[in-house]
Amino acid sequence: MSGMELRELRAFVVVAEEGGMSAAARRLHVSQPALSQTVGMLERRLGVKLLVRSSAGVQPTEAGMTLLAEARAVLARHDQVLRTMAAYTSGDGGVLRVGVPIELPSDLLGPPLERLAVAHPGTRVQARHLSTAAQLTALQAGELDVGLLRERPAGHEFDAMLVSRESLGVLLTAERAAELRGPDGIRLEELAGLEWVGFPRSGSPAWFDEVTAILRSHGLDLGPAAPEGQELIAEVKLAAVSAGRAFALAPPRWPQPLPAAVAWSALAGHPLIRRTWAVWPATSRRHDLAGFVAGFRDPADDRPG
């Protein structure tokens, strides 16, 4: 059975178990239209109606119930084969070294870690908080197996996959945010006169250049450069913003609690999109690494509307 057919079977089983496309799409970390297309393709391939759709959700037909039992058995056997063979591959039973930047969406690492735990229960994950530049250096030195970088490396030394797109907003004092916020958020040019709480260019040169070019194109004076080697942690952002003379950039799902005097607001037009790439050596043959990377969801769902 081909990989495409296994993917269709797995999608059908989850839809039947969840009783609806929306819940199944969330569990599989795919978009609902893509899931509906996958199930429809399976129905056309088999030439039978598998699901009855209604306002209350979906229910398997008689043929669907038969397929559900068979599909569960096939998938269980397939997963067992992968787990058994993993014991004979390099990389399982060891340590997967993962580079992580300071800020990440709270739900980004959950799916790949869960998939890794199921497919390669003997692999431990060792996470290191490093800047993009430091992660790239560690990857080149063989000190990391995979990194989560703010920019995609050029050339053919590494493979990369986009795993996150975040539409950045702005942190301001609550009073100033209320003054500047319009129906679609705050326009970047409204921040003129405030100092940007930025990060040093050495940590992520390409991302720094992109951010500063956009800020300058909206007439903002960026002020003095951040000291090299300084990490832009949450406490630094909040302290600077609370003083009332600065603004900081942050994603909408920023996990750090905000003090009452600070507010987050969207930026009108979504001018700043922060991307995160999973990056690993192109020559890697680690099966647990491949399983970990495959667990990331499609970041297309994060695109601003």
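The exercises below work through the fold, charges, salt bridges and ring pairs of one predicted chain.

The model is predicted, so local features need pLDDT of at least 70 and side-chain atom pairs count only at pLDDT 80 or more, while totals for chains, interfaces and linings use all residues. Residues are numbered from 1 along each chain as its sequence is written, and side-chain values use heavy atoms, with hydrogens and water left out.

**Exercise 1. Overall description**

Describe the chain by its secondary structure, extent, burial and contacts.

Solution.
- Step 1: The chain has 10 helices and 11 strands. These are DSSP runs numbered from the N terminus (helices: H or I, at least four residues; strands: E, at least two).
- Step 2: Along the principal axes, the C-alpha atoms fill a box of roughly 65 × 50 × 35 Å.
- Step 3: Buried residues make up 43% of the 305 residues. Buried means under 20% relative accessible area, exposed over 50%, and partly exposed in between (1.4 Å probe, protein chains only).
- Step 4: The accessible surface is about 15,600 Å², and 54% of that surface belongs to carbon and sulfur atoms. The areas come from the Shrake-Rupley method with a 1.4 Å probe; for residues, only the protein chains shown count as cover.
- Step 5: Of the contacts between residues at least 6 apart in sequence, 74% join residues at least 24 apart. A contact means heavy atoms within 4.5 Å.

**Exercise 2. Charges**

State how many positive and negative side chains there are, and how far apart the centres of the two sets lie.

Solution.
- Step 1: Lys and Arg count as positive and Asp and Glu as negative, with His and the chain ends not counted.
- Step 2: Each charge is placed at NZ of Lys, CZ of Arg, CG of Asp or CD of Glu.
- Step 3: There are 32 positive and 34 negative side chains, and the centres of the two sets lie 4 Å apart.

**Exercise 3. Salt bridges**

Give the number of salt bridges, then locate the pairs E43–R53, E103–R274 and E210–R275.

Solution.
- Step 1: A salt bridge is a side-chain nitrogen of Lys or Arg within 4 Å of a carboxyl oxygen of Asp or Glu. This rule gives 14 salt bridges.
- Step 2: E43 and R53 form one of them, at 3.9 Å from N to O. E43 belongs to helix α3 (residues 32-46) and R53 to strand β1 (residues 51-54), so the bridge ties together parts that are 10 residues apart in sequence. E43 is buried at 11% relative accessible area, whereas R53 is partly exposed at 41%.
- Step 3: E103 and R274 form a salt bridge at 3.0 Å, N to O. This pair links distant parts of the chain, 171 residues apart: E103 is in the loop between β3 (95-100) and α5 (110-119), and R274 is in strand β11 (residues 273-281). Both E103 and R274 are buried.
- Step 4: E210 and R275 form a salt bridge at 3.8 Å, N to O. E210 in helix α8 (residues 205-217) and R275 in strand β11 are 65 residues apart. E210 is partly exposed at 32% relative accessibility, and R275 is partly exposed at 29%.
- Step 5: A network of salt bridges links E17, E18, R27 and R72.

**Exercise 4. Helix α10 and the aromatic rings**

Find what the buried residues of α10 pack against, and classify the ring pairs F292–F296 and W196–F199.

Solution.
- Step 1: In helix α10 (residues 287-294), the buried residues are D288, L289, G291, F292 and V293. The buried residues of α10 pack against β3, α5, β5 (146-149), β6 (158-167) and β11.
- Step 2: Rings of Phe, Tyr and Trp (its six-membered ring) pair if their centres lie within 6.5 Å; planes under 30 degrees apart count as stacked, over 60 as edge-to-face and the rest as tilted. The structure holds 4 aromatic pairs.
- Step 3: W196 and F199 are 5.9 Å apart, centre to centre, with 80° between the planes, and form an edge-to-face pair. Both W196 and F199 are buried.
- Step 4: The ring centres of F292 and F296 are 5.5 Å apart and the planes lie at 85°, so this pair is edge-to-face. Both F292 and F296 are buried.
- Step 5: Ring pairs join W196, F199 and F208 into a cluster.
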